[in-house]
Structure formats: C-alpha cells, structure tokens
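Work through the following exercises with the sequence and the model open. Each task is followed by a solution in steps.

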Amino acid sequence: MNLGKLLKTKKFLDEMAISVRNIIYGAFPGTTAEEREDIEQTVKLKIWRKIVRGRKIDKLRSFLWKIVYTTTLDTLDERLHTATPEKIQERADSMIRSQGDSEAPEFLIETKEMKKLLIETVKTLPPRRRTVLQLWLSEMRLEEIAAFLGWNENQVRHLLYRGIEDIKERLNAMEKSHGAGKNSDLDPSKTTKQ
Amino acid sequence: MSDEKTSCPSNDLLINVFFAPTSDEEKEALVDHIFACPFCRIKFEALESLGRQLKAKEANFPDEALTSSEAKAFNKMAKRQLREIEKPKQPISFYFMRKKTAFAAVALVVLIISGFIVFKPFSQSDIFRDTPSREFRVLEPKGIVESPPMRFHWTDYPGSDGYFLQIVDENLRTVMTVSEQTTSYSLKDDPSKIFERGKYYFWSVMAKSDDGIQLAIARESFIIKGPS
C-alpha cells in the first residue's frame, strides 16, 4: 500500500468519524458542542482500535465499511442506554415519514395520533407491501428500498402504491365505523396533493 | 417497548442485511421489528444514512484485496493513529504529571541556590579578594589613647576624590576641619595644644566625589588618658 493510498484511507476514516458524529447528533439533537467533539474522538478511537485488532483484511473497502457501521452502532448503543425511553420513542416517531414526496404525493400525515394509527394499520398489510411501506415510511427512497430488498425498482413502486391504497381504504373504513366527524385527520380528503 | 427491546436483533445482524444476501422472509421479519422498535428504528436510520454516504464514496474506493505488505503498512498506520489519539488522554494523569514534577524539582533547586547566593554572609576575605568594599571606616585614633593623637587614619573609599575631616569636642565645639586627598592626616601643630587629657573627642571623615557630593561618612571617638 503506497503512501497515497494510506493517506486516502486515513482521510476517509477521519471524514467518516465526522459523519458518524453528525448522525449521532441527528439522533440526539440536544448534544452539546463538547459532547459532539467527544463523540468524534470516541468514534476515531473505536475505528482505529477495530482496525488494529482486526483479522486479516481480504477486501479493504468491505473491511472499512463494516468497521464504520459497527462503530456507529456501538456509539449509538452507548447513547441509547443513557437516554430515557420517552426520548427514544419520541425520536423514533419523528423518523416516520410525515409527508409524501414525488414518489407518493398524495400522502400526508398531520398529527401524532395519525402516525400511531398509521403504524398500526401498516402492520395489517400483506408481508411484501408491508415491508416496502415500512421502509418507505422510514424515509428510504424507492431505489434504496429496491437495493436493500434486492428487488426490482418497478416492483417496489407497485408494492408501495398498492400499500398506500390499502392504508387509505382501511383508514376510510375505520373512520366510517367510528362515525362521521370523529378523527377528522383520517379523512382521506385531508391527504392533500403536493 | 421493553419486550421489543429484548428481542432486538444484534448489531451484526442489522449490519449484515446491508451486506450479506438474506432471504425475503428474514428481511421482512427484520423490517417488521425495526418499524415497531424505537431503538432499532434509530439504529436503522443511522445505518441508512451512513449507507448513503458510503455509497457516494464507493467509486473512489475500489474493493481491492491487500497484499501482506500492504496490510502490514496499514496496520502500522492504524497503531500510530491509535497512539496519537490516546496520547492526550494519558498525559493528564501521567505525562503532564511527570513534566510538572520535573518542573517543580528544577524550580526548587533554583530557589535554593538563589537563596543561598542572596543570603550568604560575606566574609572579610570575600570583600578584599573580590570587588572593592563599599564599607568606609575610620581607623585611628579610637577608644582610650595614651597620648594626644598626632595622626588620623581611615580607609579608602572607592570613587572618592577627597576626604573632609572634622573633629569636635565633648561640648560639640569644632576643634578643627581639614580637607585631605589621602587616607590620613597628620597634625601640623603639637597635639597636646589641641587636645586635652581626660576629654572626649569625636571625629568624622566624609568621602566626597570630585563635584563635592558626599559619598560616605564614618565616625569614631577617643579619650586621652589622664586627669580631666
């Protein structure tokens, strides 16, 4: 490995330490500047320790990628253990897509209650539609869902739209059974187009 | 939430779904859990975000195998990096403490030496051997003398251009004053005509600069034996 490659790898790992720090900061927005600096340092330490302790490197990129992933999760675990369950729940709920994009413009979730109901309703969908919708609600894009599941992009798009239709129908049915005027958020007419 | 937490997939499993080929059923089960578990949802989002960033860097990072010498060089660099990162943590307890102790020891030695130099009493030999003394004294006559003194003698004062001698009696009347270039003065007249036996006399010599400024003054007294 020549010096250029070594330096490139070091630069990459330094950049990744900053990325991981930002990801953790994103998950715990209340983090102070001092804590962020501390996280970055911890991440760097963990990365280099893992490299030193690592077994034989077959493929450098796969090896580094895995180290970055495991370091991120290790650091997140430490943070999650110190956070209150309420905070974690609140943060996790905020990760649910609340507004449709170009892939599903008719989708709009306006309230917390609506979100909870949606999560419950998604669970009732057939497995493939459910998986795609869950990933999409976790803010993954179509091509990312396709890559993650190893499925065709068109197939994923089709499953997503079918899933959204199912959800709308179920929410409609629920609203009808609860009576008009109740849970006005569930009114499909409120799922505005972008 | 706690039930969901206990059945959370391991971090390795979470990571592996991004790497290793997994069956649809396994992936579907994992996604179901992630969607229901706030802990895993946060982790999954972090992995996703990281995945996007890593994907953008893939082109610049071909997945090549390392030769043994390359792996060795890489490991060496990792060890060096680790040492550099760990270094600032160690100093607080060890490295800096060691430095502080050394500094304190040096400061103590300097303090002792300078204290010794400043407070060491000068001996007479030091004065005469080294720099000229700034001490100015009158030498003779002093105390009880047998006969009226003929000669008045004092020490040299460095930098002085002349001396002014003054003798007063016990009633503070001036007996005589005289200016002198050397460190002694001999009376021109018979001393018994000037001094009376049994009386106290006080005399002083003032060292002067060439422009008449007083540099130092020394005093002494004497009494001539005999009936007053």
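**Exercise 1. The interface**

Task: Determine how many residues of chain B are in contact with chain A, and which elements of chain B supply them.

Solution. The model is predicted.
Step 1. Count the residues on each side: 40 residues of chain B are in contact with 44 residues of chain A.
Step 2. Assign the chain B side to its elements. Those that give two or more residues are α2 (11–19), α3 (24–36), α4 (38–57) and α5 (68–86) of chain B.
Step 3. Find the main contributor: α4(B) gives the largest share, 15 residues.
Step 4. Sort the chain B side by class. It has 24 nonpolar, five polar and 11 charged residues.

**Exercise 2. A helix pair across the interface**

Task: Describe how helix α3 (residues 60–82) of chain A packs on α4(B), giving the angle and the residues that meet.

Solution.
Step 1. Two packed helices are described by the angle between their axes and by the distance between those axes.
Step 2. The axes of α3(A) and α4(B) come within 10 Å, and they cross at roughly 150 degrees.
Step 3. Classify the angle. Angles over 145 degrees count as roughly antiparallel, so α3(A) is roughly antiparallel to α4(B).
Step 4. Give the hand: the crossing of α3(A) and α4(B) is right-handed.
Step 5. List the partners. From α3(A) come A:W65, A:V68, A:Y69, A:T72, A:L73, A:L76 and A:L80, and these meet B:F39, B:I42, B:K43, B:A46, B:L47, B:L50 and B:L54 in α4(B).
Step 6. Relate the list to helix geometry. An α-helix has 3.6 residues a turn, so residues three or four places apart point the same way.
Step 7. Sort the contact of α3(A) with α4(B) by class: 12 nonpolar, one polar and one charged residues.

**Exercise 3. A second helix pair**

Task: For helix α6 (residues 127–137) of chain A, state how many of its residues are buried, then describe its packing on α3(B).

Solution.
Step 1. Nine of the 11 residues of α6(A) are buried, and the helix is mostly covered.
Step 2. Name the buried residues of α6(A): A:R129, A:R130, A:T131, A:V132, A:L133, A:Q134, A:L135, A:W136 and A:L137.
Step 3. Look just past the end of α6(A), where A:E139 takes a positive phi of about 75 degrees.
Step 4. Turn to the packing. The axes of α6(A) and α3(B) are 9 Å apart, at an angle of about 45 degrees. The two helices are therefore oblique to each other.
Step 5. The crossing of α6(A) and α3(B) is left-handed. A:P127, A:T131, A:Q134 and A:L135 of α6(A) make the contact with B:K27, B:E28, B:V31 and B:F35 of α3(B).
Step 6. By class, the contact of α6(A) with α3(B) has four nonpolar, two polar and two charged residues.

**Exercise 4. The sheets of chain B**

Task: Give the strand order and the edge strands of the two open sheets described here.

Solution.
Step 1. Start with the secondary structure of chain B, which comes to nine helices and eight strands.
Step 2. Five strands of chain B form an open sheet in the order β2-β8-β7-β4-β5, with mixed pairing. Its edge strands are β2 and β5 (174–180), each of which pairs on one side only. The twist averages 25 degrees from one strand to the next.
Step 3. Within this sheet, β4 (residues 162–169) and β5(B) pair in the antiparallel sense over six bridges. B:I167 stands opposite B:M176 in β5(B).
Step 4. Three strands of chain B form an open sheet in the order β1-β3-β6, with antiparallel pairing. At its edges stand β1 and β6 (184–186), each with a single partner strand, so one side of each is left without a neighbour in the sheet. Here the twist averages 20 degrees from one strand to the next.
Step 5. Strand β3 (residues 151–154) of chain B pairs with β6(B) in the antiparallel sense over three bridges, and B:R151 stands opposite B:S186 in β6(B).

**Exercise 5. A loop proline**

Task: Is B:P141 buried or exposed? Which residues outside its sequence neighbourhood is B:P141 in contact with?

Solution.
Step 1. Locate B:P141 in the loop between β1 (138–140) and β2 (143–145) of chain B.
Step 2. B:P141 is buried, because 23 other C-beta atoms lie within 10 Å and the cut-off is 20 or more.
Step 3. Leaving aside neighbours within four places in sequence, B:P141 is in contact with B:P149 and B:F222.
Step 4. The C-alpha atom of B:P141 is separated by 7.5 Å from that of B:S221, 80 residues apart along the chain.
Step 5. Set this against the whole chain: buried residues make up 16% of the 228 residues in chain B.

Definitions and conventions
Residues numbered from 1 in each chain as written. Chains lettered and ligands numbered in written order. Predicted model: local features only at pLDDT ≥ 70, side-chain atom pairs only at ≥ 80, totals over all residues. Contact = placed C-beta atoms within 7 Å. Helix = DSSP H or I, 4+ residues; strand = E, 2+ residues; numbered from the N terminus. Nonpolar A, V, L, I, M, F, W, Y, C, P; charged D, E, K, R; others polar. Axes fitted to C-alpha atoms, helices over the stretch in contact; angles between N-to-C directions. Parallel < 35°, antiparallel > 145°, perpendicular 65-115°, else oblique. Left-handed = near helix turned anticlockwise from the far one by under 90°. Buried ≥ 20, exposed ≤ 12 C-beta atoms within 10 Å, placed from the backbone. Pairing = 2+ DSSP bridges.
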